[in-house]
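Work through these short exercises with the model open. Try each task before reading its solution.

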Amino acid sequence: MYAITGASGQLGRLVVQELLKTHSPGEIVAAVRSPEKAADLAALGVVVRHADYDLPETLDAAFAGVDKALLISSSAVTGRFAQHEAVIRAVKNAGVGLLAYTSMLRADTSTAKLAIEHNQTEQAIRASGTPWVMLRNAWYTENHLLSLDAALAHGAFVGAAKNGFFSSAARIDYAVAAAGALTGEDQAGKVYELAGDDSFTLGELAAEVARQSGKAVVYNDMSEADYKALLVSVGLPEPLADMLADADARVADDGVLFDGGRAMSTLIGRPTIPMRHVVEQVLRG
């Protein structure tokens with residue numbers, strides 16, 4: 001039996017869908033904060049269990065009888081490590097045979113603030129004694145396009161990454177990779193640096209959006225401090241704005257989200273989806 005935490009989220013649902021291609025619904029546990037949001041999965045026969053990272057008392061039952069589990073990292077801006085620790089303890093208590101974790105690209109050496117709690121989580125998983133596999137994800141290409149409407153309206157994407165490269169990939173690529181690591185043989189102890197085959201700058205992203213939309217769209221680079229201030233001004237919580245601006249700056253200075261190893265395409269058995277295809281899908285709505 002496979003358990004997917006955060007299964008009602010965007011990545012979690014895709015992982016469940018991948019597992020359903022090769023496994024019966026009764027072999028899949030959707031471990032979710034709000035079971036009512038997974039009613040559609042329950043209707044398919046997927047086992048839906050309450051699993052709230054902030055309510056440890058829900059977690060032991062969530063992993064009962066589970067052979068392999070995927071811990072999808074919490075979306076909390078701060079304090080996610082404590083949430084992850086609760087899941088790690090529950091997984092160990094349940095005797096789960098393999099725990100996969102969606103970490104961040106080169107979490108153990110990355111200079112980005114976002115990597116800190118990912119690295120702490122990896123260390124806790126290693127120390128738990130539960131066999132593990134680390135899925136170190138780069139950015140999702142879709143996340144670059146969250147500001148697409150604003151970019152089209154104002155004619156510009158903004159950031160602080162200068163000409164730094166992002167080896168981003170489509171969310172479905174990461175889902176297929178996670179399903180492959182969960183179901184594959186001899187995965188324990190493996191660390192995957194998961195990234196797109198092709199890298200791009202934010203300037204190249206803007207140019208592709210301009211080409212496909214037929215509108216004038218450019219990339220305007222800002223200082224880290226100015227970008228953070230802009231993100232706060234449009235409503236992002238200050239801690240999140242700080243981490244996102246820092247990530248851009250670390251892309252520019254340290255290349256923290258670039259990877260040319262092609263571990264993702266090797267794991268999923270096909271090339272990753274190019275940025276231009278994701279842009280096309282998002283523009284179509």
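**Exercise 1. The unit around β2**

Which handedness does the β-α-β unit made by β1, helix α1 and β2 have?

Solution. This is a predicted model: local features need pLDDT of at least 70, side-chain atom pairs count only at pLDDT 80 or more, and totals for chains, interfaces and linings use all residues. Residues are numbered from 1 along each chain as its sequence is written, and side-chain values use heavy atoms, with hydrogens and water left out.

Step 1. Locate the elements. Helices (H or I, at least four residues) and strands (E, at least two) are DSSP runs, numbered from the N terminus. Helix α1 covers residues 10-20. Strand β1 is residues 2-5, and β2 is residues 28-32.

Step 2. Check the pairing. Two strands pair if DSSP finds at least two bridges between them. β1 and β2 pair in the parallel sense over 4 bridges. I4 stands opposite A30 in β2.

Step 3. Trace the crossover. The unit is right-handed: with the strands pointing away from the viewer, the path from the first strand over the helix to the second runs clockwise.

**Exercise 2. The two faces of β2**

Sort the residues of β2 by the way they point.

Solution. Step 1. In a regular strand the side chains alternate between the two faces of the sheet.

Step 2. I28, A30 and V32 point one way; V29 and A31 point the other way.

Step 3. Check burial (buried means under 20% relative accessible area, 1.4 Å probe, protein chains only). In β2, 5 of 5 residues are buried.

Step 4. Find the other neighbour. β2 also runs parallel to β3 (residues 47-50), joined by 4 bridges. V29 has V47 as its bridge partner in β3.

**Exercise 3. The sheet and α8**

Put the strands in order, then place α8.

Solution. Step 1. The open sheet has 7 strands, ordered β3-β2-β1-β4-β5-β6-β8, with parallel pairing. Its edge strands are β3 and β8 (191-194), each pairing on one side only. From one strand to the next, the twist averages 20 degrees.

Step 2. α8 packs on this sheet and touches β1, β4 (68-71), β5, β6 and β8. Contact means heavy atoms within 4.5 Å. The direction of α8 makes about 150 degrees with that of β4. Axes are lines fitted to C-alpha atoms, for helices over the stretch in contact, and angles run from 0 to 180 degrees between N-to-C directions.

Step 3. α8 is mostly covered, with 10 of its 13 residues buried. Among them are Y174, V176 and L182.

Key. Buried < 20%, exposed > 50% of the residue type's maximum accessible area, 1.4 Å probe, protein only.
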